Amino acid sequence: MENLNTVLYIMAAVLTVVEAVLRWGIPSFRKNPANAGTVETIDSLWVAMVVALSLKAVLLQPFTIPSGSMEDTLLIGDYILVKKYEYGYSLLNKTPRFLEFKKPEKGDILVFVYPKDHSKDFIKRCRGTPGDILEYKDKVLYVNGIKQDEPFAKHIDPHVYNAADYDYFDRPLYGSRDNFGPVTVEAGHYFMMGDNRDNSMDSRYWGQLDEKLIKGKAWFIYWHSNNFIPDFHRMFRFVH
């Protein structure tokens, strides 16, 4: 996502500078009939870029899956669209959310600002909403005392698991990685977990997610590439 965002911003900046130069720096260029085609193309590109950035800010945002923490639901190389409008907005991730169509629900996959580093975006699945009581017993999740059916959850084969491979994770806040709780989800917060349970930096490590940090809901895989080779079997599908 960061690469695409960078390209969009650079293109918008360049086109804005060109527009400004043509309008106020060398207005004679715009008035010359011989340059009409060039001017029209630049104007159209600038308008299209403004519209694209406006849509990105308000409606949809592209996101690239950066890690394997959501395997096998989402894979490295998936390019997805995130619906930003569904849960409403928070100005600069500091104000209460407004214009909400709905609240996040258990099972929703959310993109959000990483609470410990606001320069990064994370993607995880919501497993607990405000007021829920969560317990994790030997890698089995219980919510409000009810065992959860989680066909999307992936666990590492204990025969090939090597704890040293994951020692870069912080120490879990609640018990251990595979056992914690009961934990009550606070008001205005959500408990997030990666589908790849044994290889996910999530609420077990950094705590509950403040709703102000939510950017949107993962919605649609529009592209997947593996070493620049498109994988059409993963493309054009909804995320759930």
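**Cis bonds, a small sheet and salt bridges**

Asp72 sits in the loop between strand S1 (60-64) and strand S2 (78-83); helices (H or I, at least four residues) and strands (E, at least two) are DSSP runs, numbered from the N terminus. The model is a predicted one, so to speak of a local feature takes pLDDT of at least 70, and side-chain atom pairs count only at pLDDT 80 or more, while totals for chains, interfaces and linings use all residues. Residues are numbered from 1 along each chain as its sequence is written, and side-chain values use heavy atoms, with hydrogens and water left out.

Back to that loop: the peptide bond joining Glu71 and Asp72 is cis, with omega at about 0 degrees. Another cis peptide bond runs from Gly181 to Pro182, and here omega is near 5 degrees. Pro182 belongs to strand S8 (residues 180-184).

Backbone angles also stand out between strand S5 (133-137) and strand S6 (140-143), where the loop holds Asp138. Phi of Asp138 is positive, near 50 degrees, in a residue other than glycine. Lys139 lies in the loop between S5 and S6 too, and its phi is likewise positive, near 70 degrees, again in a non-glycine residue. As for accessibility, buried means under 20% relative accessible area, exposed over 50%, and partly exposed in between (1.4 Å probe, protein chains only). Asp138 comes out as exposed at 61%, whereas Lys139 is partly exposed at 24%.

The strands flanking this loop belong to an open sheet of four strands, ordered S7-S6-S5-S8 with antiparallel pairing. Its edge strands are strand S7 (146-147) and S8, each of which pairs on one side only. Pairing here asks for at least two bridges found by DSSP between two strands. S6 and S7 pair in the antiparallel sense over two bridges, and Tyr142 stands opposite Lys147 in S7. In general, strands of a sheet pair through backbone hydrogen bonds, either parallel or antiparallel.

Turning to charged side chains, a salt bridge is taken as a side-chain nitrogen of Lys or Arg within 4 Å of a carboxyl oxygen of Asp or Glu. By this rule the model has 22 salt bridges. One of them joins Asp43 and Arg30, whose closest N and O atoms are 2.9 Å apart. This pair links distant parts of the chain, with Asp43 in helix H3 (residues 36-58) and Arg30 in helix H2 (residues 27-31), 13 residues apart. Arg30 is partly exposed, at 23% relative accessible area.

Asp72, met above at a cis bond, also forms a salt bridge with Lys154 (3.5 Å, N to O). Lys154 lies in the loop between S7 and S8 and Asp72 in the one between S1 and S2, so the pair ties together parts that are 82 residues apart in sequence. Lys154 is partly exposed, at 27% relative accessibility.

A further salt bridge brings Lys102 and Glu86 together, with closest N and O atoms 3.5 Å apart. Both residues lie in the loop between S2 and strand S3 (109-113), yet they are 16 residues apart and the pair links distant parts of the chain. Glu86 is buried at 9% relative accessibility, while Lys102 is partly exposed at 25%. The two also take part in a network of salt bridges, which links Lys83, Glu86, Lys102, Glu105, Asp108 and Lys217.
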